[in-house]
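Some notes on this model follow, point by point. Please read them with the structure open.

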Amino acid sequence: MIKVPVEIIFDKIKQKTNLSDADIKVKIKKKLDQLSGLISEEGAAHIVANELGVKLFEDIGQLQIKNILPGMRNVEVLGKVLRIYDIREFETENRKGKLGSFVIGDETGVIRILAWNDKSQILEKLKPEQIVKIENGYARENNRGKTEVHLGDRSKVLVNPAGAKDIQTGGRRKNISGLQENEDNVELLGTIVQVFDPRYFEICPECGKRVREKEGKWVCDTHKEIVPSYAYVLNLFLDDGTDNIRVVLWRNQAQRLLQKTDEEIVDYKDKSFEEIKNELLGKIVKFVGRTSKNEMFGRIEFIPQIVIVNPDPEEEIRRLDEEVKKVIQEKPMEGSVEEEKEDYREEVDEEQVVSSTEENNVPRAEKTDKIEPQQASDDEEESSTNTDEDEAEEAQDNLDEEILSLEDLESLE
Ligand SMILES: [Zn+2]
């Protein structure tokens, strides 16, 4: 069964019938009482929709990403390629195969596409920023509660399909001052105003778990004495004029922000990070990610999942133009968006002046370099097959997060 949130079923019933909100609520409540303990609220809403002859999914057609729900088959979706992960081979007790995956985005959100076995060859044709159309995918919920689209034998991926226009991607843009706990797919644009030294911690190269020093030797609970690998986290403050927030970049995101490889970053463990800090200060960056409450310090932090190092100023100005139009249509002009736009132009100008004087021999990054394709290192591959077949990278970042948050939060600063 397709897992449809009760709000969506509610809206469908409202659209297709003349029932009021209260009527629909009563009907769902009655059904729940009738079958008490046997079904969820979603289940009850499903039955009510059925009884009223409201089809939840007729002629689904092309879906926006936010409307893709676990259980859907024949999923058709158009999106822009944001990230491409390396193809991984895996072997478990029951099966052996290959898995490639990539992330696409549209105006409404981002979603991961998983290409199993032979389908993983598709990844060789993909490049970041391309528009792709997925046909006949099937949607599933992964073990972290996120919806993903899987590609099976009948699925197709069309690169730059005829007639496709460019797609504006990204999360919901928010001001830092308006951020709440547990928000997902939020986009922030701001200036890096403070950077801390990265924090390194020793992990087992076999299983990726934190290791301990015992009598001068590094010991993993499972793999005994080992030569440690390193995981790391980079903390910084981002300011967008409304407020600032601590941003926590785990391994892969730190690599993207610094545009350095894993080895290069590990190298800084024993040398000064000052020069890199100075390069980062004042840089305008775009992050898409989630907020997380740091219980120990009672503050909200931001965990990026997408890092865009050189946000395209044209895209920003286009976005603001669209917002101006929306504001004009919806309510009387308040002027704030225009001001924001001017501010942004100024910031961009300033940045370009700085970059042309300080790095005049270094060409500005091309648009296509904005999003780095994933560069997983060997040890990441190995440890990730232990966590799960999918979401390897995110799982690794989350593992890093858990390991560190449990043990070392106090010494982060
Ligand atoms: Zn181990």
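1. Helix α4 spans residues 251–258 and is mostly covered in this predicted model. Eight of its eight residues are buried. They are Arg251, Asn252, Gln253, Ala254, Gln255, Arg256, Leu257 and Leu258, a list that holds polar and charged names as well as Ala254, Leu257 and Leu258. Just after α4 comes Gln259, with a positive phi of about 55°.

2. Helix α3 covers residues 41–51. Its buried residues include Ala44, Ala45, His46, Val48 and Ala49. What lies over them? Part of the cover on the buried residues of α3 comes from α1 (6–16) and α2 (21–34). A residue with positive phi follows here too: Gly53, after α3, has a phi near 75°.

3. The largest nonpolar core contains 61 residues. Within this core, Ile68, Ile104 and Ile113 have the most contacts. Where does the core sit with respect to the domains? It lies between domain 2 (62–159) and domain 3 (172–310 + 370–412), because both give residues to it. In general, nonpolar side chains in soluble globular proteins tend to be buried together.

4. Ile104 deserves a look of its own. Setting aside neighbours within four places in sequence, Ile104 is in contact with Gly79, Lys80, Val81 and Leu82. Outside that stretch, the contacts of Ile104 are Val110, Ile111, Ile113 and Val132. Ile113 is thus a contact of Ile104 and, like Ile104, is among the residues with the most contacts inside the core. Apart from this core lies another, of nine residues, among them Val4, Ile9, Ile28 and Val48. Val48 is also one of the buried residues of α3.

5. Is His150 buried or exposed? His150 belongs to strand β7, residues 147–151. It has 20 other C-beta atoms within 10 Å, and 20 or more is the cut-off for a buried residue, so His150 counts as buried. Leaving aside neighbours within four places in sequence, the contacts of His150 are Leu114, Trp116, Gly137, Tyr138 and Arg140. Of these, Leu114 is 36 residues away in sequence, yet the two C-alpha atoms are 4.7 Å apart.

6. For the chain as a whole, the secondary structure comes to 10 helices and 18 strands. Of the 413 residues, 29% count as buried. Among contacts between residues at least 6 apart in sequence, 61% join residues at least 24 apart. The pair His150 and Leu114, 36 residues apart, is one example of residues distant in sequence that come together in space.

Conventions
Residues numbered from 1 in each chain as written. Predicted model: local features only at pLDDT ≥ 70, side-chain atom pairs only at ≥ 80, totals over all residues. Helix = DSSP H or I, 4+ residues; strand = E, 2+ residues; numbered from the N terminus. Buried ≥ 20, exposed ≤ 12 C-beta atoms within 10 Å, placed from the backbone. Contact = placed C-beta atoms within 7 Å. Core = buried A, V, L, I, M, F, W, Y, C linked by C-beta atoms within 7 Å. Domains from an automatic or database assignment.
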